[in-house]
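Biologist: Please take a close look at one buried loop position in this model and at the part of the fold around it. Start with what "buried" means here, then work outwards.

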Amino acid sequence: MKALILMAIVARPLFGEDVIVDNCDPLQHVPITEFRDSTCFTSQDLAARQIFPTKREGVKVRIELHINPTSQRISSLAAGILLKEAMGYDIEWTCASTTFNSTKRMIEDKTDIVLGYLQSENEPDTDAGSQSVQILDIGALGYTTQPGVYVPTYTKDVFLRQLGGGGGSGAHFAATAFTYYSIFSLPEIVELFTNANDSEIIRNNNLELRDTFTPPWCKKWNVEGVGNNCIDVKSEEVRLGTTLHQMIINLRLNMTVSYWGANLDGKSGVAEYVAGKLRRRDPFLLKHAYLPDKVFRSIPLIRVSFPHWSQRCYRNNTGYFSGEGSVDCDFPPSILRKAASYRVVGPDVSDEYNDLVSFIQRFRMSEEEINAVWEDILSFDAETELVTRNDRTE
C-alpha cells in the first residue's frame, strides 16, 4: 500500500471548532433515508457482475458526510452504496459541516473514512508527541477542485454598454478583460453593482444573511443599493474558506463579501440568490468552492482571473476572517484525498476489513461523474445510476 502515514495529526482549526451533526438533519437534501431503505443492485445485477457479497453483519464502517461541498457527499454516497451492497459492510454515516478537522475526528474515533478531504487544510500541529493514533492517507480521490469567483456570461454585454459600445478603447477593454479582476476597480463598473436593489430577491426567497466581510475602505453593503461604494461578492459558507478576504485586502479590491448559506439546512441559500440575479440579468460576482460547468444551464458562469497562484503567495495563508495574511493571488487547485482511521485499515485489524482497504485504494471518481450526479440534484436514483453503470467506481 502506497500510503502516507500521518502520525498524530491534529487539524489546525481556521474558524474555531467544526460543527458535528449527530443525526445529519441539516443534510436533508442528501438521500440518507433512501440509502437505508432502498437498494441500487438486485441480486441478479450483482451475480451478472460476478459479485457475491460477503455476509459481514456487525462489521461497522463509519463514513463522514460533509454539508459542503456537494462533491464530497456524491463520492461518499457512491462509496457507501458499493461497500454496503456489493461488499456487505454495515455502513453508518457521521456528519460534519466541512472537511476542517476531519483528521482530528478520525484520531478521536468519531469517524473511520473521509473521502475528499483537503490535505492542505489538515496540517499537523507542531506538538506531534501529544497524540499516538495513526491515520492513513490512501491517495487521491480522482478529481480536483478549485474555488473561484464567477460572473455570468452576459457580463460582457453589460460592461460594453457601460463603458461605451461604440468601438472605442473602453469597449475594447470591456470585451477583452471583462473577467480580469482589475476591471472591477473601474468606477463605472463598480457603479453597476453598487446601485442594484436586491431586497426583492431576498424577500421573495426568504434569504437569510449569515455573515459579511467589509474591508476598511468599503461601506457596509446595503441590500437596497443605497450608499454602497464597493461590489458585494455573494458566497455560500464562511467555513469553506476566507482566502478571498486576504485577496481583497492585499489587492485592495473594492469588494465586500456576503454569505447566504449553501441550501442544505432547510433554508434558501446562495443558489436562490444567484437564480434571482440571473432572471433579472443583473451583473453579480459569486464566490464558490466548486462549480460544475452546467450547474446553471441557461446562462453559464465564467471564472474571474486573478494574479497567478504561487506557493510564495500562500506562504502565510492564515485563514483569518479579518483578511490578515499573505494571499494576493488566485485560488489554488486542490487534489482531494482519501483518508481512513487505523481502526479499519491498520495492520492489526480483523480479516473482515481486508477488502475495505483494497476498495478504498481503488475507489476513484472523475469530475465528469461528479458533475453528472450534481446536475440531478444529488438524488438517490442518480447515485444508483452512477454506481450501476460504471464499473470503475467498484
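Modeller: A residue is called buried when its relative accessible area is under 20%, exposed when it is over 50%, and partly exposed in between. The model is a predicted one, and the position to start from is Asn-205, in the loop between α8 and β8 (211–213). Its relative accessibility is 16%, so Asn-205 counts as buried.

What does Asn-205 touch, leaving aside residues up to four places away in sequence? The answer is Ser-268, Glu-272 and Arg-279. Helix α10 spans residues 270–280, so two of these contacts, Glu-272 and Arg-279, belong to that helix by the DSSP assignment. Another α10 residue, Tyr-273, has its C-alpha 7.7 Å from that of Asn-205, although 68 positions of sequence lie between the two.

That leads to α10 itself. Its buried residues are Val-270, Tyr-273, Val-274, Gly-276, Lys-277 and Leu-278. They pack against β7 (148–152), α8 (199–204), β9, β11 and β12 (301–303). The list includes α8, the helix on one side of the loop that holds Asn-205. Ala-271 is also in α10, but its relative accessibility is 33%, and therefore it counts as partly exposed. From Ala-271 to Trp-260 the C-alpha distance is 8.8 Å, with the two residues eleven positions apart in sequence.

At its far end, α10 is followed by Arg-281, which sits in the loop between α10 and β11. Phi of Arg-281 is positive, near 55 degrees, in a residue other than glycine. Most residues other than glycine have a negative phi. With a relative accessible area of 46%, Arg-281 is partly exposed. A second arginine can be set beside this one: Arg-252, in the loop between α9 (243–250) and β10 (255–259). Arg-252 also has a positive phi, about 50 degrees, and is not a glycine either. Its relative accessibility is 52%, which makes it exposed.

Two of the strands against α10 lead on to another helix. β9 (231–235) and β11 (285–288) are also among the elements covering the buried residues of α7, along with α5. Which residues of α7 are buried? They are Ile-189, Val-190, Phe-193 and Thr-194. These four take up an arc of only 130 degrees around the axis, so they lie on the same side of α7.

The contact between α5 and α7 can be described in more detail. Two packed helices are described by the angle between their axes and the distance between the axes. For α5 (residues 155–163) and α7 (residues 187–194), the angle is about 120 degrees and the axes are 10 Å apart. Angles from 65 to 115 degrees count as roughly perpendicular and those over 145 as roughly antiparallel, and α5 and α7 are therefore oblique to each other. The crossing is right-handed. On the α5 side, the contact is made by Val-158, Phe-159, Gln-162 and Leu-163; on the α7 side, by Glu-188, Ile-189, Glu-191, Leu-192 and Phe-193. By class, the residues of this contact are six nonpolar, one polar and two charged. Ile-189 and Phe-193 are part of the α7 contact set, and both are listed as buried in α7.

Elsewhere in the chain, two other helices add to the account of burial. Arg-105 lies in α4 (residues 102–107), and its 4% relative accessibility makes it buried. Its C-alpha is 9.6 Å from that of Glu-64, a residue 41 positions away in sequence. In α12 (residues 354–362), the buried residues are Leu-356, Val-357, Phe-359 and Ile-360. Viewed down the axis of α12, they fall within an arc of 165 degrees, so they line one face of the helix.

For the setting as a whole, the protein chain has 14 helices and 13 strands. Of its 394 residues, 54% are buried. Among contacts with a separation of 6 or more, 79% join residues 24 or more positions apart. The pair Asn-205 and Tyr-273, at 68 residues apart in sequence, has a separation of that kind, though the value given for it is a C-alpha distance.

Conventions: Residues are numbered from 1 along each chain as its sequence is written. This is a predicted model: local features need pLDDT of at least 70, side-chain atom pairs count only at pLDDT 80 or more; totals for chains, interfaces and linings use all residues. Side-chain values use heavy atoms; hydrogens and water are left out. Axes are lines fitted to C-alpha atoms, for helices over the stretch in contact, and angles run from 0 to 180 degrees between N-to-C directions. Helices (H or I, at least four residues) and strands (E, at least two) are DSSP runs, numbered from the N terminus. Angles under 35 degrees count as roughly parallel, over 145 as roughly antiparallel, 65 to 115 as roughly perpendicular and the rest as oblique. A crossing is left-handed if the near helix is turned anticlockwise from the far one by less than a right angle, and right-handed if clockwise. Contact means heavy atoms within 4.5 Å. Ala, Val, Leu, Ile, Met, Phe, Trp, Tyr, Cys and Pro count as nonpolar, Asp, Glu, Lys and Arg as charged, and the others, Gly among them, as polar. Buried means under 20% relative accessible area, exposed over 50%, partly exposed in between (1.4 Å probe, protein chains only). The arc is that of the directions from the helix axis to the C-beta atoms.
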